[in-house]
Amino acid sequence: MSEPDRYAVVGHPIRHSRSPLIHGMFARQAGDRLSYDLIDAEPDAFETVVREFFAAGGKGLNVTVPHKRAAYQLAERIGQEAALAQAVNTLSLEHDAIRGDNTDGIGFMRDLTVNLRQSVSGKCVLILGAGGAARGIVAPLLGGGPAELWLANRTLERAHDLRQAFLGLGEIVVSSFEDLDQLPPFDIVINATSAGLTGVQPTFPGNLVDSGSFCYDLVYGAEDTPFVAWARAHGAGQAEQGWGMLVEQAAESYLIWRGHRPDTSAVLATLAT
Ligand code: NDP
């Protein structure tokens, strides 16, 4: 029997990644024979690791923190979403060339609008953070037709750069965290900072949410994340973690690699319990 097709996720650190579990469940569901490993690569080693993986017959890689930008620079062909985000989370081979795609945005929107049944149309939306993940979700959010899209970041310059990069798609209002304290509550507040990973939450003003607000944390964990706890403490109507985005972006990677999209509901139910 031939060797199973090889896939992996590359990041640093990587040992806590749930991607092998998720892709293992997808493969069993479809009866696909494949392996999915963890590869820990420091930034200096990233390019070599990727090239050796594909040279040795590997079929596809997921890319996570801190390599998404490096993967964008390495890829010889680029999908539309990755070009807009300037970040790649999925690598594959296309006619022997390394192709880079970004499935974070579509994964996020699928979780928000399908699993969680939220509409962006006509809503006032706030994104906290302006890193790679924020870049991935801005274009699909603008495409959803919000009344206003605000973006606040600790480093203001990075937020202005992001606004500039997406000017052709729609208007984004840039702010510091501190200057948000006079605004009325937003309909949708999205945490795209990595601050919650360390368990330390920046001080976001409490006026940003009320009982009509839907809050979404890209960060996920076994307990309430600091942002979800903050949202609940300030009376947000609903606050969700990013498990669904994690599973949905993985399903989009699987579709790119294998040509069929897994059913995500059973996998999400297993992970989020
Ligand atoms: P980046 O490193 O590219 O960006 C980090 C962002 O967090 C920047 O905006 C940074 O601000 C901000 N930040 C970091 N620490 C603090 C702090 N102490 N106070 C305030 N702001 C802070 O990371 P990514 O954008 O790639 O990822 C962001 C988060 O999203 C991560 O936690 C990641 O795990 C999660 N994620 C989840 C996904 C999912 O499937 N659920 C998919 C992709 C990402 P500054 O610019 O000032 O440094």
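Start with the ligand: in this predicted model, 25 residues surround it. The closest of them are Ala 133, Asn 153, Thr 155, Arg 158 and Leu 218. If you sort the whole shell by class, you get 12 nonpolar, nine polar and four charged residues. So what do the polar contacts look like up close? Take Arg 154, where a polar side-chain atom sits 2.9 Å from an oxygen atom of the ligand. The backbone gets involved too: a backbone N or O atom of Leu 246 is 3.2 Å from a ligand oxygen, and for Gly 131 a backbone N or O atom is found 3.5 Å from an oxygen atom of the ligand.

How much of the ligand's accessible area does the protein cover? On its own, the ligand has 930 Å² of accessible area, and the protein covers 81% of that. Two elements give two or more residues each to the shell, namely α6 (132-143) and α9 (243-258). Of these, α9 gives the most, with three residues.

Now zoom out to the chain as a whole. The domain assignment splits the chain into domain 1, residues 5-102, and domain 2, residues 105-244. Taken over C-alpha atoms, the centres of the two domains are 26 Å apart. Where they touch, five residues come from domain 1 and seven from domain 2.

You'll often see the size of an interface given as the accessible area lost when the parts come together. Here, domain 1 and domain 2 bury about 580 Å² between them, with 62% of it on carbon and sulfur atoms. Which three residues supply the most on the domain 1 side? They are Arg 18, Leu 84 and Ala 85, which together account for 64% of the area that domain 1 buries against domain 2.

Finally, have a look at some backbone details. Most peptide bonds are trans, and most residues other than glycine have a negative phi, so exceptions are worth a glance. One cis peptide bond runs from His 12 to Pro 13, with omega near 0 degrees. You can find Pro 13 in the loop between β1 (5-11) and α1 (19-30). Another cis bond joins Val 65 and Pro 66, and its omega is about 5 degrees. To spot Pro 66, follow the chain to the loop between β3 (60-63) and α3 (68-74).

And the phi exception? That's Gln 86, which has a positive phi of about 50 degrees even though it isn't a glycine. Gln 86 belongs to the loop between α4 (80-85) and β5 (90-94).

Terms used: Residues are numbered from 1 along each chain as its sequence is written. This is a predicted model: local features need pLDDT of at least 70, side-chain atom pairs count only at pLDDT 80 or more; totals for chains, interfaces and linings use all residues. Side-chain values use heavy atoms; hydrogens and water are left out. A residue is near a molecule or strand if one of its heavy atoms lies within 4 Å of it. A polar contact is a pair of N or O atoms within 3.5 Å; within protein, one must be able to donate a hydrogen and the other to accept it, and residues adjacent in sequence count only if both atoms are side-chain atoms. Accessible areas come from the Shrake-Rupley method with a 1.4 Å probe; for residues, only the protein chains shown count as cover. Helices (H or I, at least four residues) and strands (E, at least two) are DSSP runs, numbered from the N terminus. Ala, Val, Leu, Ile, Met, Phe, Trp, Tyr, Cys and Pro count as nonpolar, Asp, Glu, Lys and Arg as charged, and the others, Gly among them, as polar. Domain bounds come from an automatic or database domain assignment. Contact means heavy atoms within 4.5 Å. Buried area is the accessible area (1.4 Å probe) that two parts lose on being put together, summed over both.
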